[in-house]
There are 2 protein chains.
Amino acid sequence: MNSNVIVRAPLHVQVAERLRLLIDSGELAPGTRLNENELCQNMGVSRTPLREAIRSLATEGLVELQPNRGAIVSVVSQDDVTEILPIMASLEGLGGRLAAVHMQTDQIKQIRQIHNQMVTHYQNNEVTEYFETNRLIHELITEGSGNQTLVDTINSLSAKVRRARFSAQMTRESWAKAVSEHEEMVTALEARDPDRLEVILIQHVETKRTTILGSLQRSE
Amino acid sequence: MNSNVIVRAPLHVQVAERLRLLIDSGELAPGTRLNENELCQNMGVSRTPLREAIRSLATEGLVELQPNRGAIVSVVSQDDVTEILPIMASLEGLGGRLAAVHMQTDQIKQIRQIHNQMVTHYQNNEVTEYFETNRLIHELITEGSGNQTLVDTINSLSAKVRRARFSAQMTRESWAKAVSEHEEMVTALEARDPDRLEVILIQHVETKRTTILGSLQRSE
DNA sequence: ATAACGTATTTTGTATGCAATATAAACCCG
DNA sequence: CGGGTTTATATTGCATACAAAATACGTTAT
């Protein structure tokens, strides 16, 4: 009786993960055609699991299927982002409201710590580290809702917005605003004030929206 | 130059649609194992497109993959529904808020008509027709938001709740409440009052939640 | 030179075949 | 007769092979 069974994930799942990574990192840029033979050779798998993976990514919305012409990495347009952000706002707001009630006190303390780190990164102008801690805080709050479906839904939307990669184009002003909103967020969380936290989170996404649209304006 | 090209959907897409129908109708009940050979013979296709379709449904969450053991129709638990409903509330609320601003006046008139039909079905105790018109109204309002991502997100969540099929267990009382809330909904829409419509929609889903949980209690 | 046509090549879509894993059945031994 | 082991069968996973469609290319005619 051996319970140390090695359950390696099916190939198509591994391939899907790898593709997701390639798309997320920008190595496969939006609009790129996915050539099956090429990818097969590259990954050392046959076309069957590769195609199954591509179908999965298609239902996730990461790639777009063109009948008889294969798949391309889906392009996230400005309109898409404009559609997604209000939804994220609602959902993050809901997540916060639930988190304010459900989270353990020590979890909230942990968020305060990470928040302090984030502020330091802001002061030191460490952009990458700032975004990473920022993302982590949002993730922890959402997870603090205790609602896994909510987490999944937000993640899938968030992935698309992130893929548009505007974030780097933050102005000093909007950055400061974002940080001060985060301060309010953590305070509301510590006070376990669901209504307040919800309002702040919704406002926070609104700030993000103007930032993104602003940077889109400038880059046109 | 012939523009009347017949673009028949790829097989795996057709198969996915058919499977979705079978699952939605309950013909493939939750927990059922999907036997590939059986389904292939049934549908007259080979295993390749069938498997691709199954992978798609898996990422949609309609089926669950069990490595080396195929796929089963995913079961929607009470916990799942408890998780999903608050999300639906937020999203339908958002949809209503946007619809109150974006919808054309004649579209609102159409909703009023359908609403009147729904009330008639309620009075005549025509359950099936009631649910159908009810669903249609919610769908039209959501679509009236003009936010396709929102529509898709709500639909995918809604499908899961519907699959749990509790709805038939409505009490006379909760049914009456639902109808009166619908009356308020249409009124708020005609008044183009986004805040009010949002509140009503959120409240409406809350009513649904208690109805469902109530019927779950009784059926245990 | 360029536009249009037809052919060659590439690429995707589907079917089939083989290997690996899981399930079911038969068998043996206590 | 029952528990456990072996053997057989069925089912999934992956790879390959063939068919159909799309793209690329070259040729011809204007």
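Visitor: Which of the 19 residues around DNA strand D come nearest?

Guide: In this predicted model, the residues that come nearest to DNA strand D are A:L11, A:S46, A:T48, A:R69 and B:R47, out of 19 around the strand. Of the strand's atoms that come within 4 Å of the protein, sugar and phosphate account for 67%.

Visitor: Which helices each supply at least two residues of the surface near DNA strand D?

Guide: Chain A supplies them from α1 (11-24) and α3 (47-60), and chain B from α3 (47-60). By residue class, this surface divides into seven charged, seven polar and five nonpolar residues.

Visitor: Where does the protein backbone lie relative to phosphate oxygens of DNA strand D?

Guide: For a polar contact one looks for N or O atoms within 3.5 Å of each other, and here a backbone N or O atom of B:L34 lies 3.1 Å from a phosphate oxygen of the strand. The corresponding distance is 3.2 Å for B:N68 and 3.3 Å for B:E36.

Visitor: How many aromatic pairs does the structure hold over all chains?

Guide: There are six, and one of them is B:Y122 with B:W175, an edge-to-face pair at 5.1 Å centre to centre with 70° between the planes. B:Y122 belongs to helix α5 and B:W175 to helix α8 of chain B, 53 residues apart. B:W175 also forms an edge-to-face pair with B:Y130, at 5.0 Å and 70°; because B:Y130 lies in helix α6, this pair ties together parts 45 residues apart in sequence.

Visitor: Is B:Y130 buried or exposed?

Guide: Buried means under 20% relative accessible area, so B:Y130, at 0%, is buried, as are B:W175 at 6% and B:Y122 at 15%.

How values were computed
Residues are numbered from 1 along each chain as its sequence is written. Chains are lettered from A and ligands numbered from 1 in the order in which they are written. This is a predicted model: local features need pLDDT of at least 70, side-chain atom pairs count only at pLDDT 80 or more; totals for chains, interfaces and linings use all residues. Side-chain values use heavy atoms; hydrogens and water are left out. A residue is near a molecule or strand if one of its heavy atoms lies within 4 Å of it. A polar contact is a pair of N or O atoms within 3.5 Å; within protein, one must be able to donate a hydrogen and the other to accept it, and residues adjacent in sequence count only if both atoms are side-chain atoms. Helices (H or I, at least four residues) and strands (E, at least two) are DSSP runs, numbered from the N terminus. Ala, Val, Leu, Ile, Met, Phe, Trp, Tyr, Cys and Pro count as nonpolar, Asp, Glu, Lys and Arg as charged, and the others, Gly among them, as polar. Rings of Phe, Tyr and Trp (its six-membered ring) pair if their centres lie within 6.5 Å; planes under 30 degrees apart count as stacked, over 60 as edge-to-face and the rest as tilted. Buried means under 20% relative accessible area, exposed over 50%, partly exposed in between (1.4 Å probe, protein chains only).
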